[in-house]
Every structure is written in structure tokens, then in C-alpha cells.
Amino acid sequence: MTAVLELRSTTKVYGEGAGEVHALRGIDLAVDAGELVAIMGPSGSGKSSLLTIAGSLEHATSGEVRIDGVDLAGLSRNQKAALRRRSIGFVFQDFNLLPGLTAAENVSMPLELDGTSGRKARTRALEVLDELGLAERAEHFPDDLSGGERQRVAIARALVGEGRRLLLADEPTGALDSVNSEAVMRLLRRVCAQGAAGVVVTHDAQLASWANRVVFLRDGRVVDQTTPAAGPESLLSTVAPQPS
Amino acid sequence: MFRKEWRQQALILGLVTIAVAIAVAGSTMAMNAAGATQPGFGSAGATARIPIADPARVPALIASAEARYGSVEVIGHRDTTVAGSADRLDIRAQDPDGRFGHSMLALRDGRYPTAVGEVALTPAVADLLGAGIGDQVELDRKDRTVVGLVENPTGLGDDFALVAPDRGRSATTLVLLFERPGTAGRSARGTGTSDPRSTDESGLASVPVMIRGDNGPVAALVLVAVASAMTLVGLIAAAGFVVVAQRRQRQLGLLAAIGATERHLRLVVVANGAIVGLVAAVAGTGLGVLGWALATPAVEAAADRRLGRFDLPWGVVLGCAAIAVVVSVAAAWWPARRMARIPVMAALAGRPPSPAPVHRSLLVAMAALVAGVAAIATAIPHGDDVKPLLLIAGVIAVAVGTVFAAPAVIKIGAAPAAHLAFSRRLALRDLARFQSRSAAALAAITFVVGISVTIVAIAGVNQYRTDEGNLSSRQLLIEIAGPQADPTADPGLSAEQSAALDARAAAIGSEIEGADVLALDVARRPATSDPADPMLNEPLSVALSVGDHSWRHLGYPPVATPELLEHYGIDPASIRPGTELLSGDHRDVTILDISRRDPGTTKVQRVELPPYTSAPRWLITEHALHEHGWEAVRSGWLVDADHALTTDEIASARAAAADAGMTIEVRSSQDSLAALRTVTTGAAALLALAILAMTVGLIRSESARDLRTLTATGANSRTRRALTASTAGFLGAMGVALGTAGAYVALTAGYHSDLGRLVPLPWAHLATIAIGLPLLATAAGWVLAGREPSGFSRQTFD
Amino acid sequence: MSVRHALLALLSDGPKYGLQLRHAFEARTGEVWPLNVGQVYTTLQRLERDGLVASDGSDDGPQKGYRITGDGTTELTTWLETPPEMAQPPRDELLIKVLVAAQVPGVDVHAIIQTHRRHLIESMQRYTSVKADASDDDVALALVVDAELFRIEAMVRWLDTAEIRLPRLLASAPPSPAPTAAEEQVAAEEVRS
């Protein structure tokens with residue numbers, strides 16, 4: 001099985017000369033379908049750049065970025081936009097939604113941009129919103145929604161449509177309390193379990209622990225990663241509580 | 001703060017500067033043009049021409065005039081012939097520093113004559129005499145030294161030889177310049193002279209006084225134009241500052257959070273307004289003055305008069321600048337107040353203030369529109385006699401009305417958003433969401449469109465209809481003297497000359513199929529044998545009484561020959577006995593015979609005459625001719641064909657007339673008014689586009705984060721282009737609709753007494769604005785937008 | 001949480017058999033707190049010895065019935081109100097390991113820290129998947145898992161902070177007194193634990 005997202009020796013350099021900043025220094029990373037990967041690292045470790053490059057919003061300076069085996073370097077701007085409309089779902093920390101559109105319209109946006117008829121796109125959007133427990137909020141504008149609801153609408157938008165292969169989230173629970181955060185991560189995990197590949201960028205260990213695999217980034221390099229977790233039984237052997 | 005927003009600030013500054021510059025240059029031009037309509041007056045309010053038969057009477061005459069009219073400037077004209085030529089020449093004795101007439105003299109070279117035997121010539125006269133400075137010329141049988149070259153800046157075609165002022169001692173005609181009677185004249189009467197007319201033996205009382213035409217309408221128009229330009233400044237600045245204030249919303253919220261009061265917050269934006277206003281006022285004034293200075297030569301050539309480059313109406317100019325500052329501050333104050341009142345948390349979150357209820361602003365709009373319409377209707381009762389302040393108030397009220405109508409229009413216009421395609425829907429929703437800034441933008445565009453539609457419509461009203469103008473398109477007027485020539489200089493024709501010219505005119509007429517050639521004669525008193533009294537050979541003119549013993553000259557009426565009466569379908573039997581003048585003019589006109597002691601008692605009968613200004617509007621009856629012993633003198637021919645004259649016919653007639661030393665006049669095409677319409681349409685489109693660029697640029701740049709979200713969701717450049725294009729197109733279309741509606745509301749009010757004048761509507765120009773502007777706006781939005789937002793990881797995620 | 005008090009709490013709403021108690025205990029605390037069968041019964045015996053519970057006296061084992069006594073109720077109430085011991089320094093072992101690593105030449109402290117971080121996060125992943133797989137209304141389980149997750153997260157964050165502070169320690173400490181100070185600290189920790 002090919003990985004949904006694959007980065008090979010990817011580097012990213014911002015600026016030139018003295019102001020040169022090496023955000024990524026040769027990243028190798030593969031994310032398979034059904035897998036949720038968390039990228040952890042301190043500020044400035046390059047994790048956000050990794051996400052934008054994986055999402056085709058920025059070019060890698062060198063190396064390859066492949067989505068479903070297709071090298072992004074070979075795509076035109078419009079092809080990349082089409083890729084984002086159909087295959088990639090983004091969830092950002094705080095500005096996900098267009099304030100001028102209702103929740104349902106925000107969710108149906110990628111479909112409408114892709115040429116789906118308004119009514120059809122709306123039906124799909126309502127389905128996804130219903131699935132996320134937001135059916136009643138569909139006609140509300142973002143300003144009237146709570147933070148958790150907004151984030152769930154954003155996830156709904158990242159999920160809408162049939163061909164979603166890659167979910168990219170940047171601190172998706174940044175502004176939420178822990179219960180709402182958990183709901184959001186539970187959702188992401190579920191979606192990935194159903195066959196998408198997910199990448200969550202965070203510096204929050206709790207969030208990262210929802211992932212199947214945690215990749216540690218430091219100074220633009222992958223320094224470590226967790227081995228895929230065994231089942232809960234292993235808890236008994238590793239972290240035994242101390243009965244008093 | 002300024003550094004970060006220099007683009008926005010530069011846009012606002014640029015547009016306000018342009019508006020100020022237009023106001024300054026426009027008012028300067030209008031004020032100068034106003035002066036051009038009144039040649040021969042200088043700065044005097046009234047003038048009188050007195051033929052001098054007896055030079056000994058002159059001192060008494062002047063003394064009498066001074067007693068009657070106060071301070072009087074005397075210009076002596078001596079009509080003479082140039083030796084060895086048939087040309088006549090005016091030898092003028094005028095003081096270059098005269099109180100009223102100084103503006104009618106300017107030195108081109110050398111110096112003014114100060115002593116007897118010195119003379120200064122206009123360039124054309126110098127050419128005619130073949131003389132330069134320092135040369136000796138013989139004029140009026142006297143040798144004189146040319147000491148300078150002069151001109152009349154208010155009439156560059158005025159040719160004369162200037163001699164030192166001599167209080168009229170050698171004049172054949174005396175021109176007196178003085179204040180309008182009733183102003184200075186009243187004070188002069190107060191000096192103790194009893195009724196000057198009864199004691200006057202100089203004959204002054206019988207001399208008609210020509211009153212300078214009123215500059216009121218022009219001044220009023222300038223005021224209205226300046227007020228409109230300043231309203232535009234205010235609207236542009238308001239549109240800009242609303243957006244700037246909103247961009248600063250978070251900053252202001254932050255300031256509020258750390259304890260700034262509403263006053264502090266207002267001050268931040270208002271100070272911005274003051275700075276922009278000041279800079280724009282200075283730059284705009286500079287630009288306007290510069291523009292005027294550059295345009296002067298072209299205007300001079302067109303106006304046939306010298307214009308001072310720095311002869312500016314400084315009061316108006318400085319007023320413009322001052323108002324621009326005040327208006328900018330006011331324009332910044334309003335959004336500042338609104339921003340300062342947003343709850344701190346909403347400000348920090350960047351949420352727009354909740355839109356004010358539309359019905360309230362709609363009520364204000366209706367009230368302002370009604371008040372404005374009423375004010376305009378009252379200010380323009382019957383075309384004449386405009387009340388400028390009321391008109392300005394009306395124009396501003398209508399503008400205010402459209403401004404307040406803007407939110408409602410946006411709300412209504414954006415209502416179908418839900419049914420539109422994605423980018424259009426998003427554009428409309430954003431416009432409706434940020435109501436105050438889109439309403440301000442719409443108001444500015446509306447006002448520009450409104451002004452241009454008004455100008456186009458008024459130009460249409462003033463354009464001749466088929467039954468108006470100087471002549472019908474079927475008519476041709478052949479004149480013996482050129483149209484600019486002074487009839488007083490009419491040499492008089494011998495019978496042979498007259499017959500030869502008659503034959504020529506008939507020949508010209510015969511070239512044109514189906515044309516009648518009607519001889520036109522003017523009436524004048526019998527030629528005197530006294531060569532020193534040429535003034536009395538002046539044709540009898542028709543004048544309008546404008547008060548006590550004062551008239552405004554209207555024209556020289558032809559004699560009502562049987563041919564003419566027949567041509568105009570007037571039955572000679574219908575003319576009442578004793579009628580002296582047949583008038584197609586509804587005004588109270590009279591035949592002005594300056595030799596009569598009491599000239600204002602003409603017996604007038606109203607008849608139907610076509611209203612063409614160069615064709616006969618009045619006819620002197622043959623009865624009057626006999627009664628007063630006047631004689632008829634051939635002045636020209638009216639050629640009336642049965643079809644509209646072709647350009648070929650006109651060209652050959654012009655050539656034939658020129659051969660005979662005559663000129664022809666045909667219907668003027670009024671290209672300039674048509675050009676005005678077109679230029680206005682184009683200028684309005686450009687200005688509206690600039691405003692659109694500013695506001696749409698500001699609106700869309702503000703939603704840069706939305707653009708990033710869109711891009712991340714897979715929107716391509718098409719979507720981004722469509723978004724900007726829809727925003728611009730919608731604002732343009734709404735502005736056109738609202739502006740055209742507002743303009744026609746105001747026009748209907750202004751022409752309420754004669755609504756028919758607004759018809760036919762200038763469809764071509766209206767359509768150009770109505771379709772062209774939104775299309776252009778959409779296209780410009782499409783072309784200029786679409787750049788992919790940059791700096792994703794830096795700004796978006798970190 | 002002690003097994004003693006957990007059993008008292010289970011008995012406070014009515015008498016139960018030994019087997020019942022064991023199932024209830026597991027149900028409330030989840031799989032994350034594994035007990036062997038013997039632990040439940042020895043604890044029950046001790047409680048009976050101390051007079052906090054009373055048995056129905058039948059044979060030892062799963063079928064024996066227990067009920068709480070008056071002393072037992074008092075003990076439970078007192079325990080619930082007693083603040084937990086907070087004075088104990090967290091995870092002495094990790095602290096000591098990191099401090100030692102900082103002093104041992106040739107050892108990459110960052111690598112050591114990262115290894116520990118990875119281990120901690122791996123265990124968090126396991127706890128989280130327990131939570132993820134459990135049903136939403138299993139509040140008791142969620143609470144227990146959360147407690148453990150927050151505790152481990154605290155250690156991860158301590159590691160993050162240590163990673164930032166350590167270069168400063170290494171840079172500022174003069175070569176000779178540093179080991180002494182570290183030794184003293186290590187000694188102190190050992191004494192306390």
C-alpha cells in the first residue's frame with residue numbers, strides 16, 4: 001500500500017542570504033491511510049511549514065512531496081487547488097470559517113468551489129453537520145457559534161465530499177477546553193480510522209497522544225517517533241499503578 | 001500606525017487630493033469664464049457711450065456724470081481712418097491705471113504713452129501700420145512715436161491705438177465707466193444735487209446706461225460646484241476612513257482594553273483624518289493651481305482673452321482647502337465614534353459592529369430627499385434668479401439622502417445572495433455584513449454617478465432642440481460685416497455696392513435648391529454730414545429695460561419688409577396702427593434711440609417669431625421708419641431653404657461669401673456640449689472606478705485571512721477574481737442605480753416648472769454609465785485580483 | 001487511592017459478597033488498575049481485623065458476605081476529607097536520571113530526555129486509546145485515565161522545561177563545584193525517598 005502522504009528529503013528555506021531561515025532540513029515522512037500522525041515539537045521546529053507544504057499551500061525548496069503517489073512539484077496552481085478541494089481537508093487553529101457564510105455554506109464551500117450544484121453541496125454539508133451533531137446550527141453564522149462548534153464545523157468542512165484522503169490540522173483544539181478538545185480529537189481519530197490519513201501538528205502531549213504515531217520534530221528534522229502503540233493490555237506491564 | 005497602512009492612506013489621500021484639485025481648478029476656470037461674458041465693462045458695474053458732437057461740452061458732461069454716478073472713469077474713442085487705406089482705427093485715450101478699466105489694458109512691450117505725440121499699438125495695428133517701437137506713425141493727421149505694444153486682455157481681438165488719457169478732449173465717442181446706479185449712484189445723489197435730470201443741461205440724462213449683466217448665476221453655479229466637490233471629498237474620505245477604522249478595530253479594542261477612553265479612541269482616527277485632510281488640501285490646492293496654470297494658454301485661445309495664471313479667486317481656493325480639512329475631520333469623526341462604541345470584546349474579536357436597523361436610516365433618507373427636493377424646487381423657481389445657498393442646501397440634502405439610503409439599498413441588493421453562485425454570494429454577504437463601510441463606498445460612488453448624470457442631463461437640456469439655437473438647420477445668414485465687427489464702424493454702403501452685394505447674396509441663395517433669399521435691413525438715423533458724429537449712425541437697437549433709465553442691449557432688429565412679414569406669415573393688416581416694434585420676445589423690450597430724450601416708449605406688438613437667436617427676433621415696422629425719419633440699411637440676407645443644409649452647400653456658400661468680403665452663419669453644431677457630455681461620462685466613470693478601486697481594494701484586502709482560508713479550501717485564482725469582481729460590480733451597479741435615481745429626483749425638482757426640457761433622456765450616455773461602469777468595475781476587479789495569498793506558515797499558522 | 005478505602009466505599013451502599021466486590025471494583029476503576037484476586041481478599045481480611053467491616057462468618061472466598069461497620073463509615077468519611085499527600089516530589093527517578101545525565105560526560109542529555117519523552121507519550125497513547133475505545137458514558141474510567149494522562153503530561157512538560165533550562169545549567173556551572181552540588185542533591189533525594 002502506498003502512503004497517502006509522503007515526504008522525501010523535503011527541505012524548506014525562507015528568505016535569502018543573511019536572513020535565510022531553514023524551516024525544514026530534510027524530512028522523510030510517510031502517512032498511510034487509516035493512520036493519524038501527530039507532529040510534536042517546540043515553536044520554530046518547522047512543524048507548521050511541514051503542514052503547509054504537505055497541504056500544497058507552499059512549495060518545498062527541495063525534496064519530494066507526494067500525495068497518493070503524485071508529486072506536487074509537477075502540478076499547476078489550479079491542479080493543486082483542485083487537489084485541496086477534493087482530497088485535502090484543512091483544520092486551522094482559529095480562523096477556519098468565512099464569517100460571511102453560514103455553517104452549512106462553510107461546509108459546502110469545497111464542493112461548490114469544485115462545481116457541485118448548490119443544492120447537492122448543501123445536502124452533503126447537512127449530512128456531515130448532522131453526523132457531527134450540528135444539524136441545528138447549520139443556518140447560524142460563525143459569529144453566533146461557540147468555539148467548539150466552530151471547530152466542529154471546520155472539521156465537517158474538512159470531511160465533506162467523498163474523496164477526502166488527507167486531513168491536516170494545525171493545533172485544531174488550540175482555543176478549546178479539554179472536553180471540547182477531546183471531542184474534536186475523537187472525531188479526527190474516527191475519521192482516520194475510516195480510511196483517511198491524518199496529520200495533526202501540536203505541542204500539546206495530550207492531543208498528540210490521540211495519534212497512532214507521534215513524530216518529534218526539532219530544528220527542522222525528525223528526531224524521534226513513537227512506535228505504533230500496542231493494545232491496552234500492555235499498560236499492565238509498563239505503567240503499573242502503585243497500590244497503597 | 002501609518003506605516004502599516006500606507007497603501008490605504010495613500011489611496012484616500014490621493015482621491016481627496018484629486019477632488020480638492022478639481023474643485024480649485026474648476027472654480028478658477030468658472031470664475032474666469034464668468035468674466036468673459038461681460039466684455040467692455042472692466043470692473044465697472046455700468047457703462048454709457050456718449051457720441052460727442054461738440055468737444056466743448058465734454059468737461060460739463062463729465063462733471064454731470066460724476067455728480068450723477070459718483071466716481072467715473074473716462075475713456076475717449078476717436079474714430080479715424082488709416083492714411084492711404086479704407087481701414088478705420090480707434091484711437092483710444094485711456095488711463096492704464098484707471099479705476100474700472102485697468103483690466104482692459106495690458107502692456108506687451110515698451111511702455112504706455114504718457115505724453116502727447118506718443119502712442120502704443122496693439123500687435124495687429126502695429127502690423128497694419130508696419131510700425132514697431134520707436135517708429136513714427138501718422139495717425140489722424142498727426143505724427144506720433146510708437147512707445148509700446150499693448151492689448152486688451154479681456155478681448156484679444158480688440159484693436160486700437162492707445163494714447164495718453166486726456167479726459168475725452170479729442171474723443172468722438174466718450175465711454176464712461178462707473179458703479180451700477182443705485183449703489184454708488186445713490187450715494188452721489190446724497191451729496192446734495194437736487195434732481196440732476198431737471199438741472200442737467202449736458203444732455204446726460206438722455207444717454208442710456210448699459211448695466212453689467214449679473215454674474216449671480218455663474219457665481220451660484222461655482223458655489224454649487226464647490227459644494228458638490230466638497231461633499232464628494234467628504235464621502236470619499238468617509239468611505240476610506242470607515243475602512244481604515246475597521247482595519248484598526250482590534251488595535252482600538254486593545255487600546256480600550258488597557259484603559260483608553262472613547263475620546264482617546266476617537267482621537268486616534270480623527271487625528272488621522274486631520275492629517276489626511278491637511279495634506280490633501282495643500283497638495284490638492286497646489287495641483288489645482290498648477291493645473292489651471294497649465295491650462296491657461298488653451299483657455300485663453302478659446303476665450304479670446306488674456307487670463308492671469310495666478311489671477312485666482314483666492315477666497316474660493318482657500319475656502320476649498322479649509323473646507324476639505326474640516327470635511328476630512330468630520331468624515332473621520334463619524335466612523336471613529338462608531339468604532340469607539342463597539343464593545344471591547346467584539347472589537348478584539350474583529351467582529352463588525354452590528355448593522356444599524358435599516359428602517360431608521362431609510363426614514364432619514366426619505367426625510368433628507370424630500371427636504372432636498374423641496375429646497376431645489378424652491379431655489380430654481382423659473383430657470384432664472386437662482387438662490388444659490390438654498391440650491392446648495394438642496395444638493396447636499398439629496399446627497400445626504402442617498403447616503404442614508406445606501407444601507408437599505410445594500411441590504412435589499414444583497415438579499416438574493418443565498419440563491420447566487422458561491423463567490424457572488426460571499427461577496428454580497430461581506431458587503432451586507434460590513435454595512436457601514438460598504439454603505440460609505442456606495443454613497444461616494446452614488447454621488448459621483450449622480451453628479452455626472454446631472455451634468456449630462458443639464459447639457460442635454462441646454463443643447464438646442466430643433467426649434468432652438470442660433471439658426472434652423474435649414475437657414476443660412478449672410479452678413480456684410482463679420483459677426484464680431486462693431487456695427488458702429490459700419491462704413492455705410494453706396495447704392496452700387498449694395499446692389500452688387502445683393503446680386504452676390506442672390507447668387508449664393510440660388511446655389512441652394514429651394515431657398516428663399518430675404519434681405520435684412522437695419523434701421524438707423526439718417527447719416528449726418530458731421531464726420532465727428534459717427535455714433536449717431538449706429539443702428540437702432542432693441543434693449544431690455546433693467547431699471548431706472550438703464551437698459552441691456554439685446555440686438556439690432558431688421559426692418560419688417562413685406563417680404564419678411566410674408567415669410568413669417570404675419571398679415572400686415574393685423575399690425576395695429578402706430579406699432580413701432582414687432583416682438584417675438586416675451587420680455588419688456590424697447591427700441592433704444594440714444595438721440596431721443598425719452599427712449600423707453602416704444603409701441604410694441606407681440607407676434608410669433610421663431611426663437612432662433614441669430615434670425616430676426618424683433619422687427620421694426622415701416623411705420624416707425626417713416627415716423628422717426630429713420631432709414632433702412634442693408635445688413636445681410638437670410639437664406640431659408642426647404643431642407644437641412646448639407647455640408648457641401650455650406651462650404652460653397654462660405655467660399656462665395658468670403659470672396660465678396662462677407663461672412664455666413666449657420667446652425668452651430670454645439671459640439672462642445674456633446675463633448676461635455678462625453679467627457680463627463682468618461683470622467684465620472686474614471687472617478688467612480690478610482691473610488692471603487694479604493695474601497696473594494698480596502699474591503700478585500702481586509703479579508704485577506706478569508707482569502708487564505710479560501711485558498712486552503714481549494715479556491716483557485718478564478719474564485720478570488722470572481723470575489724473581487726462581484727464586489728466591485730455590485731457596488732458599481734448599485735451606485736449607478738442609486739446615483740441615476742438621485743440625480744433625476746434632483747433634476748425633476750430643478751425643472752419642475754418645465755419637465756419637458758428633460759426629454760429626450762440622454763440614453764446613450766446614461767446607458768454608457770449604467771452598463772459601462774459596472775462592467776468596467778467587474779473587469780477591473782477580475783484583472784487586478786487573483787494573486788495567491790502568501791506567507792501561509794508565517795501568518796496563518798504561527 | 002487505596003484499595004482499602006475503595007472497598008469501604010463499595011460497601012457503604014449495602015452488603016456485598018467478595019466476588020461482587022471484586023467485579024464492582026474493576027468496573028469502577030477500569031482495566032488500568034489491575035488487582036489480583038488475592039489482593040481484594042487480603043485487604044478484606046485486614047479490614048475485618050481492624051473492625052471496619054463485618055462478615056457473615058461463612059467460609060473465606062468469593063461467597064463470603066461483607067458489610068460496613070460504624071467505625072468503617074467514620075474511617076471512610078475521614079479519608080474522603082483528608083487532603084492527598086502533595087509534599088512528595090514528583091517522579092524522583094526521572095529527575096535524578098536527567099540530573100545525572102547532565103553530569104556524565106559523553107551522554108547527550110537531549111537524547112536522554114527525548115527517550116523519556118517518547119516513553120511517556122507512548123504510555124499516554126495507550127491510556128488515550130483506552131479512553132477512545134471505551135464508551136462515552138463510562139465516566140469512572142475516563143476520570144481514572146484522565147488522572148493518569150494529566151500526571152504523565154505534567155512529566156512531559158517538566159521534560160520540555162528541563163530541556164530549555166539544562167543548557168543554562170551546563171553553561172553557568174563551573175566544572176568542579178557542579179558535581180558536588182549535583183551529588184548533594186542526589187543524596188538529599190535519596191534520603192527523602
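I will walk through a sheet and its helices in chain A, then a loop residue, and then a helix pair in chain C.

Before that, a word on the basis: this is a predicted model, in which local features need pLDDT of at least 70, side-chain atom pairs count only at pLDDT 80 or more, and totals for chains, interfaces and linings use all residues. Residues are numbered from 1 along each chain as its sequence is written, chains are lettered from A and ligands numbered from 1 in the order in which they are written, and side-chain values use heavy atoms, with hydrogens and water left out.

Let me start with the sheet. In chain A, six strands form an open sheet with mixed pairing, in the order β6-β7-β8-β3-β9-β10, where strands are DSSP runs of E of at least two residues and helices are runs of H or I of at least four, numbered from the N terminus, and two strands pair if DSSP finds at least two bridges between them. At the edges stand β6 (88-91) and β10 (221-225) of chain A, each of which pairs on one side only. The twist from one strand to the next averages 20°, with axes taken as lines fitted to C-alpha atoms, for helices over the stretch in contact, and angles running from 0 to 180 degrees between N-to-C directions.

Strand β9 (residues 213-218) of chain A pairs with β10(A) in the antiparallel sense over four bridges, and A:R218 stands opposite A:R221 in β10(A). Helix α1(A) packs on this sheet, touching β3, β6, β7 (166-170), β8 (197-202) and β9 of chain A, contact meaning heavy atoms within 4.5 Å, and its direction makes about 150° with that of β7(A). Helix α5 (residues 147-159) of chain A also packs on the sheet, touching β6 and β7 of chain A, and its direction makes about 170° with that of β6(A).

How many residues of α1 (residues 47-54) of chain A are buried? Eight of its eight residues are, buried meaning under 20% relative accessible area, exposed over 50% and partly exposed in between, with a 1.4 Å probe and protein chains only. After α1(A) comes A:S56, whose phi is positive, near 70°.

Now the loop. A:D32 lies between β2 (21-31) and β3 (36-40) of chain A, and is partly exposed, with a relative accessible area of 29%. A:D32 and A:V4 are 28 residues apart in sequence, yet 5.3 Å apart in space, C-alpha to C-alpha.

Finally, in chain C, helices α1 (residues 3-11) and α4 (residues 70-81) pack at an angle of about 120°, with their axes 10 Å apart.
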